[in-house]
Amino acid sequence: MGCVADVNFTLVQLRYFVTAAELGSMTAASRELMVAQSAISAAIAQVERELGVQLLIRHHARGLSLTRSGERFLVEAREFLSHAAALAASARGLAGSLTGELAIGCVTTLAPFYLSRLLREFSARHPGVRVTVAEGEVSAMESALLDGRCEVALVYAIDLALDLDVQPLTQAKPCVLLAPGHPLARADAVSLADLASEPMILLDLPRSRDYFRALYAAEPRVRFRTSSYETARSLVAGGHGYSILNQRAMTDQTYDGGQVVCVPIRDDVPPLDVVLASVRGVRPTARASAFTATCQEFFTALADGDPAPEAGT
């Protein structure tokens with residue numbers, strides 16, 4: 001049988017390392033932790049000696065940067081500290097009422113439709129948990145998960161990294177967005193072939209743009225590109241073209257006072273899966289498990305008929 005080597009560093013020293021690495025500065029970590037800078041430096045040096053590797057590169061007057069080993073160790077240290085906190089809470093008999101911090105991610109175009117209500121519902125169930133949120137495109141959320149900055153993230157299942165597990169929540173069907181005066185605005189449904197000669201407003205986000213283009217038999221006539229869901233709606237309302245989005249806001253009015261009409265697509269087009277993603281093989285904290293349960297129940301209620309806007313792309 002093999003033996004496990006003794007490791008002589010503490011949770012406090014790990015916390016000092018994580019804080020300094022995240023802030024990129026011993027001085028900033030000292031202010032954040034209200035601990036002498038020399039104590040933080042000594043603690044990190046002790047961790048490096050025990051591991052036998054350099055974790056941080058000290059740049060004179062330019063702060064800190066992580067080595068390759070440091071980057072990997074930071075992810076593991078965050079996870080370890082999170083589980084240590086959960087263990088302590090359980091030992092104190094607090095597991096049933098969940099306390100501590102939970103870092104989640106959310107795709108920017110999903111956030112306006114779901115995030116506020118999810119946070120409100122989760123807070124009502126678990127008021128002792130402090131949630132922090134990171135927003136970004138799908139690739140940014142992948143990175144946030146894989147480097148440990150988020151434990152779970154609400155994303156679209158568009159070519160997700162193989163290192164991620166997903167919990168399906170709902171599907172977002174695409175629809176055509178038209179100006180009220182468009183000849184097809186009153187149609188029960190519209191075929192994409194009917195729009196082949198018309199200018200398109202493309203929601204131009206990484207991965208999303210490929211999804212939209214794949215809906216067509218031939219390349220659409222893109223007139224304007226925008227990374228903003230609301231800008232796309234405004235351009236459609238102004239008569240600059242049509243757009244395809246996977247959602248419908250609760251109001252047809254745009255920010256600038258215009259209006260849009262959402263018409264179903266007659267063609268057999270694939271919806272987008274909305275999922276809750278996490279890193280494969282990483283045991284979730286009780287807080288993350290509770291948030292997952294909240295999301296599942298929330299989207300199940302929507303599917304059962306509760307009035308709500310569809311998800312964005």
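I began with α5, which gives the most to the lining of the second largest pocket, with six residues. The model is predicted, and I kept that in mind throughout.

I then looked up the space itself: the second largest pocket holds about 350 Å³. Its lining has 20 residues, and I noted Pro112, Phe113, Tyr229, Glu230 and Tyr255 as the closest to the centre. I asked which elements give two or more residues to this lining. I found α5 (111-125) and α8 (229-237). By residue class, I recorded nine nonpolar, eight polar and three charged residues for the second largest pocket.

I moved on to the largest pocket and noted a volume of about 1,200 Å³. I listed 38 residues in its lining. Which of them lie nearest the centre of the largest pocket? I wrote down Glu22, Arg78, Glu79, Ser82 and Gly148.

Next I checked which elements each supply at least two residues of the lining of the largest pocket. The helices I entered are α1 (11-23), α4 (68-91) and α6 (138-146). The strands I entered are β3 (100-107), β4 (129-136) and β12 (272-279). I marked α4 as the element that gives the most to this lining, with ten residues.

Last, I sorted the lining of the largest pocket by residue class and got 18 nonpolar, eight polar and twelve charged residues. I set this beside my entry for the second largest pocket, where three lining residues are charged.

Conventions. Residues numbered from 1 in each chain as written. Predicted model: local features only at pLDDT ≥ 70, side-chain atom pairs only at ≥ 80, totals over all residues. Heavy atoms only, no water. 1 Å grid on protein atoms, 1.4 Å probe; cavity = no way out; pocket = protein on both sides within 12 Å on 5 of 7 lines; lining within 4 Å. Points joined across faces, edges and corners; volume = space filled by probe spheres on them. Helix = DSSP H or I, 4+ residues; strand = E, 2+ residues; numbered from the N terminus. Nonpolar A, V, L, I, M, F, W, Y, C, P; charged D, E, K, R; others polar.
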